[in-house]
Amino acid sequence: MVWKGRTGTRRDVLQAGIAGTVGIFASSAAGIAGARAEDRTSTANDGARIEVKSGQTLQISSHSEFQPWTRFRLGDATVTVVSDGRIAMGDPKKWFLGLKEGELEATLRESFLSETDASLAQNVMIVDMGGRRVMFDTGTGGSPLIGPTAGHLRANLATAGIAPDSVTDVIISHGHPDHVLGLADADGRPVFVNAQVHISEIDHRMIAGEPNPADPFAPEMKRQMTAVADRVAMIADGRQVVPGITALAAPGHTLGHMIFGIESAGHTLLNTADLGHHQAIFTRHPEVNFVADMDAAMMVATRRRYYDMIATDRLGFLSYHFPFPGVGHLARTGTAYAYIPASLDTV
Ligand SMILES: [Zn+2]
């Protein structure tokens with residue numbers, strides 16, 4: 001692995017801040033999801049009495065006024081994060097494996113998250129730099145197997161003013177349906193008609209070759225990769241995909257899973273794809289396994305290596321599945337980490 005972003009401290013990451021206009025708390029239409037709620041009356045220190053629901057978690061839901069994208073500067077580059085929606089996971093115990101008895105529930109409770117209903121965001125990053133427009137992953141494409149809460153990338157790209165034919169490069173971090181299935185439309189035509197598609201050779205072989213009969217997504221992934229077969233380029237560890245964007249092998253989740261360093265004018269951002277699937281569980285317990293990991297032990301070792309680098313070098317990073325827009329930092333907390341979302345200024 002050779003990537004010059006590995007050395008040196010990068011305190012200036014994201015110093016330009018996120019200049020989007022996402023008013024997450026601006027609307028009264030925000031939703032509140034309760035968990036383990038029980039009626040109770042609390043007493044404030046001046047003796048005033050307020051009605052609260054004990055044990056409630058606060059969850060801001062999307063609504064029609066929500067702008068599903070945000071944009072910020074990174075050196076001379078412009079980074080736009082566009083939401084594809086979210087994957088509704090339901091019971092987190094079915095997805096996040098390998099923790100000790102009670103650890104998963106405690107992590108969610110201590111993070112003020114529902115213990116019974118988990119969601120994974122779908123954050124698609126678009127980088128404009130050096131005359132190219134590079135998009136990382138393509139969402140679910142509205143796959144009915146994943147459901148209607150995801151697959152909104154094309155509509156949301158339009159609100160961000162990004163035309164599909166303006167994308168010059170699509171980088172696929174790995175061969176899973178929530179990243180691949182936006183490549184082609186229902187008629188089998190490429191969505192990003194002018195884009196070269198970049199993917200690791202290992203994962204390309206996995207999804208463009210003979211479909212795995214045990215994987216219900218395999219036929220559709222193969223169909224979509226076939227639709228773009230004339231424009232596929234292979235990416236390799238330590239090599240630049242396009243100028244300023246370096247691929248870094250991050251095997252385990254899939255064997256060809258890659259993450260990416262983006263560098264512009266001395267500023268650095270990592271696109272960490274599926275290095276961790278959940279903002280609290282994977283940072284507080286880097287040893288956790290995700291149910292879809294191909295080699296879970298390998299992925300834990302990969303995650304520990306890159307999380308150590310992100311915390312030590314104070315790198316800013318994007319996670320595909322952390323809450324929108326999924327951009328922030330990792331702070332070290334003893335043997336694990338805390339995710340610190342980047343500040344969002346509205347003006
Ligand atoms: Zn994923």
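Strands β17 and β18 form a hairpin in which two residues stand between them, and glycine 334, in the turn, has a positive phi of about 65 degrees; strands, like helices, are DSSP runs numbered from the N terminus (E, at least two residues, for strands; H or I, at least four residues, for helices). The model is a predicted one, in which local features need pLDDT of at least 70 and side-chain atom pairs count only at pLDDT 80 or more, while totals for chains, interfaces and linings use all residues. Residues are numbered from 1 along each chain as its sequence is written.

The two arms of the hairpin, β17 and β18 (residues 336-341), pair in the antiparallel sense over six bridges, where pairing requires that DSSP finds at least two bridges between two strands. One of these bridges joins threonine 333 to its partner in β18, alanine 336. Strand β17 (residues 327-333) also runs antiparallel to β16 (residues 316-318), to which two bridges join it, and phenylalanine 317 has glycine 328 of β17 as its bridge partner.

These strands belong to an open sheet of seven strands with mixed pairing, ordered β11-β12-β13-β14-β16-β17-β18. Because β11 (240-242) and β18 stand at the edges with a single partner strand each, one side of each is left without a neighbour in the sheet. On average, neighbouring strands of this sheet are turned by 35 degrees against each other, direction ignored; axes here are lines fitted to C-alpha atoms, for helices over the stretch in contact, and angles run from 0 to 180 degrees between N-to-C directions. Helix α7 (residues 296-312) lies across β13 (258-264), β14 (267-271), β16, β17 and β18, and runs at about 95 degrees to β17.

A further open sheet of seven strands, also with mixed pairing, has the order β3-β4-β6-β7-β8-β9-β10. Here β3 (69-74) and β10 stand at the edges, each with a single partner strand, so one side of each is left without a neighbour in the sheet. Neighbouring strands of this sheet are turned by 25 degrees against each other on average, again with direction ignored. Within the sheet, β6 and β7 (residues 132-136) pair in the antiparallel sense over five bridges, and valine 127 stands opposite valine 134 in β7.

Strand β4 (residues 77-90) contains threonine 80, which counts as buried because 21 C-beta neighbours lie inside 10 Å. A residue is taken as buried if 20 or more other C-beta atoms lie within 10 Å of its own, as exposed if 12 or fewer do, and as partly exposed in between, with C-beta atoms placed from the backbone. Not counting residues up to four places away in sequence, threonine 80 touches Trp69, Arg71, Ile126, Ala160 and Ile162, a contact being defined by C-beta atoms, placed from the backbone, that lie within 7 Å. Threonine 80 and isoleucine 162 are 82 residues apart in sequence, and their C-alpha atoms are 9.5 Å apart in space.

Helix α4 (residues 201-208) lies across β9 and β10 and runs at about 100 degrees to β9. In this helix Asp203, His204, Met206 and Ile207 are buried. They cover an arc of only 160 degrees around the axis, which puts them on the same side of α4; the arc is that of the directions from the helix axis to the C-beta atoms. The buried residues of α4 pack against α3 (177-180), β9 (196-200), α5 (218-227) and β10 (232-235).

The largest nonpolar core has 70 residues, and those with the most contacts inside it are Ile259 and Phe260. Such a core is a set of buried Ala, Val, Leu, Ile, Met, Phe, Trp, Tyr and Cys residues joined through C-beta atoms within 7 Å. Its largest share, seven residues, comes from strand β6 (residues 118-129). Apart from this core lies another, of 10 residues, among them Trp95, Phe96, Ala118 and Phe290. With neighbours within four places in sequence left aside, the contacts of isoleucine 259 include Ser173, Leu248, Ala250, Leu270 and Tyr306.

Over the protein chain as a whole, there are seven helices and 18 strands, and buried residues make up 44% of the 347 residues. Of the contacts with a separation of 6 or more, 70% are accounted for by residues 24 or more positions apart.

Key:
Two residues are in contact if their C-beta atoms, placed from the backbone, lie within 7 Å.
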